[in-house]
Amino acid sequence: MVGKKLLLPMILMSVLTSYGQQIAEESCTVQILVPGLKGEPGEKGHKGAPGRPGRVGPAGETGQPGFKGQKGIMGRYGKVGPSGMKGVKGDMGDLGPRGPNGDPGVPCECTPLRKMIGEMDIIVGQLSSELKFLKNAVAGIKETDSKVYLLVKEEKRYADAEIYCRTRGGYMAMPKDDEANAAIAGYISEAGLNRVYIGIHDRQREGVFTYADLSPMTTFSKWRKGEPNNAYDDEDCVEMVASGEWTDVACSPTMYFVCEFDKDSF
């Protein structure tokens, strides 16, 4: 019994001693890591991908004005404006010096002679008008299959131009298809003109355009963009510009015009 009591403490002491030695051995195997020396710089890496765009910065100061540009091409002609108001009559000028007396007249019965002279003046006026007409005709006309067109280079108001063409057996030009319109436009362009009156109007009823012979307009037209617009509430007649387009204009300004004749009767 006494031997067993002595044996137990000895075994316990042996175990503790063995455990202490094991701890001591393990503690001796612990390694302490120390940083090494700094190495040489490595090679430069490849360029990275572009970063995303940054914010838009504040607006900079206004720069100096640039050089003046070249002059642009001339724009198209505008339409003829309305007639201005009649000016005030000017003051009468100073009387000139009195001229010398004329030679005495020969006594005669002058009434028949004056009448004859008046009749001759009328005939001369008519002949002068016809001579101008013939000069224009000789200068050049335009023809289509069925029509003859005459450009009259005498500035007249629309109503007077209409009478001029009618008294000579025709009408103011009435382009009723592309062929006629192109012939008149070419005539204007070749003559170096910008615009002429043509035989279209809405004088009978605003907005309802008819030809000079009072026939209605059907499907054909060549209105310029924005036309007709009856600007100034006084545009009842029509002009054609050199491009062949139409615009409505006032009837009171004077300008050149084109007469139209049937080919069989010209």
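These are my notebook entries on strand β6 and the core around it, looked up in a predicted model.

**Entry 1: β6 itself.** I began with strand β6, which covers residues 237–241. Is β6 mostly covered or mostly open? I found it mostly covered, with 5 of its 5 residues buried. Next I checked which way the residues point. Cys237, Glu239 and Val241 point one way from β6, while Val238 and Met240 point the other way. I noted that Glu239 is buried along with the others.

**Entry 2: the partners of β6.** Which strands pair with β6? Strand β4, residues 195–201, pairs with β6 in the antiparallel sense over 5 bridges. I picked out one pair here: His201 stands opposite Cys237. I then turned to strand β7, residues 246–249, and found 4 bridges joining β7 to β6, again antiparallel. Here Met240 has Trp246 as its bridge partner.

**Entry 3: the turn.** I followed the chain through the hairpin of β6 and β7 and found 4 residues between the strands. Gly244 caught my eye in this hairpin, with a positive phi near 95 degrees.

**Entry 4: the core.** Now for the largest nonpolar core, which has 36 residues. Which members touch the most others? They are Tyr197, Ile200, Trp246 and Phe257. The elements giving two or more residues to this core include β4, β6 and β7, and also helices α3 and α4. So Trp246 turned up twice in my notes, as the partner of Met240 and in this core.

**Entry 5: Phe257.** Last, I looked up what Phe257 contacts beyond its neighbours within four places in sequence. Among them are Leu150, Val152, Ala161, Tyr164, Met172 and Tyr197.

Definitions and conventions: Residues numbered from 1 in each chain as written. Predicted model: local features only at pLDDT ≥ 70, side-chain atom pairs only at ≥ 80, totals over all residues. Heavy atoms only, no water. Buried < 20%, exposed > 50% of the residue type's maximum accessible area, 1.4 Å probe, protein only. Pairing = 2+ DSSP bridges. Core = buried A, V, L, I, M, F, W, Y, C linked by side-chain atoms within 4.5 Å. Contact = heavy atoms within 4.5 Å.
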